[in-house]
Every structure is written in structure tokens, then in C-alpha cells.
Amino acid sequence: MTLPLADLALPAFHRMLNRVSLWLVKAASHAEAQGLPPAALLRHRLAPDMFDLSRQVEILASAARGGAARLAGRLDPLDPSPALAVFNRGSEEEFGPPAAGFGELQALLSDAVAELTQLARGQITVDAGTRITVAKPGNVRVFEAHHFVLDYLLPNLYFHASIAYALLRAQGVPLGKQDFEGPPSYRLA
């Protein structure tokens, strides 16, 4: 059985954005219970050269929107719009101001989920070999669609979600593996 690329990418993004949204609810509750300002969690980094929690969530939201727009052919291939960037930002200068609070991040995730939900399956009809272009100033990446989804979008989705999860766990937010995975995708026999 062969699954269309959209059936691999869009549900994964949809599920993970919803998972991250739930983590942020727990993070906000944790911050309030501990008397921590939200910035203490939002600005936390695992290493000095890594993006903080706020940026990790922003990257996930823009990548979901940008990945779907590219797969649907709804985007000028050379448009470097930061709101539709797909995991290709390398420095803080390529971002706008950081989110001021959890509500702002929730809005980014909610907007991305709404855009994914609006895409009907039939709107994404790329073949595995279709060329997908991701541009940023001074850099243009060209992928075949199957490599774009399987070797770029999905691994980066789980990388940035894992970093966001680790950042929250490192700050004491009570998350477990079930929070990452969501409801079981299996049934007991």
C-alpha cells in the first residue's frame, strides 16, 4: 500500500501541533503554580547556540504552514516569507520579536492547525518526484517531493517538537511519554 505524501505529512503535523498546544497549557499551569514568569520557560535553551522554547514553537507552526503551502502549490517557490519558513532559519535575526507569553504561541499553533484543516486531501496532489523549493535569502533548496516530506519535513517536525518537549521537561513541567505520543495508535489484541 502506498500512501500519498499529504497523508503522511499533514496528519503528523496536525497531531504534533495539537500535542505541543497541550504541553503549553501544562507549562502555563506549571509556571503559575511555581510563581515563575512565563519568560522563564519561554526563553529557556538547552544550549547557548540553540533556539529557545518560544522559537521552537514558532518554527513548528511556520513549518507546518509552509510545508502544506508548498505541497499544495499555493506558494511562490522563491517566497522567503518567515511566516511560511520550513525549518530553514539559521539565526535569531531571521525572526520577529519573540512571543510575549503562552497565549501568543497558542495563537500561532491554532492558526497553523486551522490552515492544515482547511486543506482538503484533493488539494495536495504532488507526485513523489515533483520539485519543491524552499528559499531564504542567499539560499535556495530544491527537493523531490518524497525527500521533502520523508527526509526533511517529518524528521524536522519531530526534532523541533522533541526539543520543545525537552525544554519544558528541563524546567520541571510535568510531561511524560504519553504527552508526546498522544492517544495510543494501537489497540490491544
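Student: In which helix of this predicted model does Lys-26 lie?

Tutor: The model is a predicted one. Within the protein chain, the residue Lys-26 belongs to helix α1.

Student: Is Lys-26 buried, partly exposed or exposed?

Tutor: The relative accessibility of Lys-26 is 34%. Buried means under 20% and exposed means over 50%. Because the value for Lys-26 is 34%, the residue counts as partly exposed.

Student: Which residues does Lys-26 touch, leaving out those up to four places away in sequence?

Tutor: One pairing can be described by its separation: Lys-26 and Leu-175 are 149 residues apart in sequence, and their C-alpha atoms are 7.9 Å apart in space. With residues up to four places away left out, Lys-26 touches Val-173, Pro-174, Leu-175 and Asp-179.

Student: Is Asp-179 buried or exposed, and what is its relative accessible area?

Tutor: Asp-179 is located in helix α6, which covers residues 177-181. The cut-off for a buried residue is under 20% relative accessible area. Asp-179 is therefore buried, its relative accessible area being 15%.

Student: Which residues are in contact with Asp-179, neighbours within four places in sequence aside?

Tutor: Lys-26, already discussed, touches Asp-179. Setting aside neighbours within four places in sequence, the contacts of Asp-179 are Arg-19, Trp-23, Lys-26 and Pro-174.

Student: What distance separates the end C-alpha atoms of helix α1, and what span is expected?

Tutor: Helix α1 comprises residues 5-34, a run of 30 residues. At 1.5 Å a residue, α1 should span 44 Å. The computed separation agrees with this expectation, for the end C-alpha atoms of α1 are 43 Å apart.

Student: Which residue follows α1, and what is notable in its phi?

Tutor: The phi of the residue that follows α1 is positive, near 70°. That residue is Gly-35.

Student: Which residues does Ser-21 touch, not counting those up to four places away in sequence?

Tutor: Ser-21 is another residue of helix α1. Its relative accessible area is 19%, so Ser-21 is buried. Beyond residues up to four places away in sequence, Ser-21 touches Gln-106 and Leu-109.

Student: How far apart are the C-alpha atoms of Ser-29 and Val-126?

Tutor: Ser-29 also sits in helix α1, and with a relative accessible area of 45% it is partly exposed. Ser-29 and Val-126 are 97 residues apart along the chain. Their C-alpha atoms are separated by 42 Å.

Student: What is the separation of the C-alpha atoms of Ala-39 and Ala-99?

Tutor: Ala-39 has its place in helix α2, residues 38-42. At 38% relative accessibility, Ala-39 is partly exposed. Along the chain, Ala-39 and Ala-99 are 60 residues apart, and their C-alpha atoms are separated by 9.0 Å.

Student: In what order do the elements of the protein chain run?

Tutor: The protein chain contains 6 helices and 2 strands. Read from the N terminus on, their order is α-α-α-α-β-β-α-α.

Student: Why is the protein chain described as being as compact as a globular protein of its length?

Tutor: For 189 residues the globule rule gives 16 Å. The protein chain is as compact as a globular protein of that length because its radius of gyration is close to that value, at 17 Å.

Student: What percentage of contacts between residues at least 6 apart in sequence join residues at least 24 apart?

Tutor: As to burial, 46% of the 189 residues in the protein chain are buried. Among contacts between residues at least 6 apart in sequence, the share joining residues at least 24 apart is 71%.

Methods:
Residues are numbered from 1 along each chain as its sequence is written. This is a predicted model: local features need pLDDT of at least 70, side-chain atom pairs count only at pLDDT 80 or more; totals for chains, interfaces and linings use all residues. Side-chain values use heavy atoms; hydrogens and water are left out. Helices (H or I, at least four residues) and strands (E, at least two) are DSSP runs, numbered from the N terminus. The radius of gyration is taken over C-alpha atoms; the globule rule is 2.2 Å times the number of residues to the power 0.38. Buried means under 20% relative accessible area, exposed over 50%, partly exposed in between (1.4 Å probe, protein chains only). Contact means heavy atoms within 4.5 Å. The expected span of a helix is 1.5 Å times one less than its number of residues.
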